[in-house]
Amino acid sequence: MTSETKPESSLLKLWEGFSKEPSLEKLSIELEAYKKLLRFFQAGEHYYTIFNLSIPEFETTSADIEAVLGYPASGIDLRFWVSLVHPEDLAWFNTAEHETAKFLLSLPAEKLPNYKVQYDLRFKTKKGNYRRILCQVVVIQQHEDGTILRTLSLQTDITHLKPTGAPLLSFIGLEGEPSFIDVKIGKPLIPFKPILTEREKEILSLLMQGKSNKQIAAELNLSKQTVDRHRKNMLNKTNTKNSAELITLTIKNGWA
């Protein structure tokens with residue numbers, strides 16, 4: 001296999017295909033972008049990146065990456081990040097990125113920020129072992145013509161929740177858009193009917209932060225009995241016995 005046909009080369013060519021002249025406008029994450037960030041479930045150690053498709057390159061990598069993968073943020077660029085992907089996952093990632101590009105290009109420009117792309121891959125740490133990282137990506141800035149300029153990616157260590165298994169790609173609809181879970185590469189997308197309501201997702205997010213039902217009730221201005229009822233409903237819907245099982249199943253299946 002030549003360097004030109006390797007999965008990592010194909011990935012870089014794909015991202016370069018989105019490139020345009022760099023925008024002189026400085027990135028300013030406004031309130032709506034913060035709201036999107038808060039939608040992410042943080043169920044483990046995590047870091048974030050801001051990717052500029054005009055370059056294409058990471059503009060920002062949070063210092064938390066060192067706690068997750070062992071590498072300082074200053075040494076992370078796109079090529080190095082791709083080189084950390086497990087060899088067995090790399091070909092899948094290449095195909096999944098092309099599937100993602102096809103999906104995003106099919107959307108009207110105004111709907112691009114209403115989707116979260118979610119997938120998991122194994123990444124090599126500085127110590128030489130592999131961790132499974134859940135990558136959740138949203139569009140945070142677009143060019144004047146509506147095409148994507150910058151994306152925000154929250155990358156969370158879910159090794160403890162999904163120690164084995166194949167990678168999973170999902171397109172999670174926000175703002176009422178349909179979701180497509182466990183996308184089968186090359187096959188028609190099948191809309192996924194959400195198992196959990198928006199209120200249940202909100203409560204689950206707080207449970208994942210380690211908060212008690214009483215604390216959640218106070219934060220959401222609900223009675224503890226209401227939170228208890230929502231939690232019981234979620235367990236019944238998902239056929240899980242406790243919050244730990246519920247959280248694990250939610251992340252593995254991309255329900256949130």
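Start with the whole chain and its contacts (heavy atoms within 4.5 Å of each other): among those between residues at least 6 apart in sequence, 60% join residues at least 24 apart. You are looking at a predicted model, in which local features need pLDDT of at least 70, side-chain atom pairs count only at pLDDT 80 or more, and totals for chains, interfaces and linings use all residues. Residues are numbered from 1 along each chain as its sequence is written, and side-chain values use heavy atoms, with hydrogens and water left out.

**The whole chain**

Switch to a cartoon view to find nine helices and six strands. Helices (H or I, at least four residues) and strands (E, at least two) are DSSP runs, numbered from the N terminus. Now try a surface view: the protein chain exposes about 13300 Å², and carbon and sulfur atoms supply 53% of that area. Accessible areas here come from the Shrake-Rupley method with a 1.4 Å probe, and for residues only the protein chains shown count as cover. Of the 256 residues, 48% are buried. Buried means under 20% relative accessible area, exposed means over 50%, and partly exposed lies in between (1.4 Å probe, protein chains only).

**Strand 1 and its partners**

Select residues 46-52, which are strand 1. Five of its seven residues are buried, so the rest of the structure largely encloses this strand. Two strands pair if DSSP finds at least two bridges between them. Add residues 148-157, strand 5, which pairs with strand 1 in the antiparallel sense over seven bridges. In this pairing, Phe51 stands opposite Thr151. Next add residues 57-61, strand 2, whose antiparallel pairing with strand 1 runs over four bridges. Strands 1 and 2 form a hairpin with four residues between them. Look across to see Asn52 opposite Glu57 and Ile50 opposite Thr60.

**Into the largest core**

A nonpolar core is a set of buried Ala, Val, Leu, Ile, Met, Phe, Trp, Tyr and Cys residues joined through side-chain atoms within 4.5 Å. The largest one here has 35 residues, and those with the most contacts inside it are Leu69, Trp81, Tyr119, Phe123 and Phe171. Among the elements giving two or more residues to this core are strand 1, helix 5 (87-105) and strand 4 (130-142).

Click on Tyr119, in strand 3. Is Tyr119 buried or exposed? With a relative accessible area of 6%, Tyr119 is buried. Leaving aside neighbours within four places in sequence, its contacts include Trp81, Trp92, Phe93 and Ile133. Draw a C-alpha to C-alpha distance from Tyr119 to Ile133: these residues are 14 apart in sequence and 8.4 Å apart in space.

Then pick Phe123: leaving aside neighbours within four places in sequence, this residue touches Leu69, Trp81 and Cys135, among others.

**The second core and helix 6**

A second, separate core of 18 residues includes Leu196, Ile203, Met208 and Ile251. Select residues 198-208, helix 6, where eight of the 11 residues are buried. Those buried residues include Glu200, Lys201, Ile203 and Met208. For your last stop, go to Gly210, just after helix 6, which takes a positive phi of about 85°.
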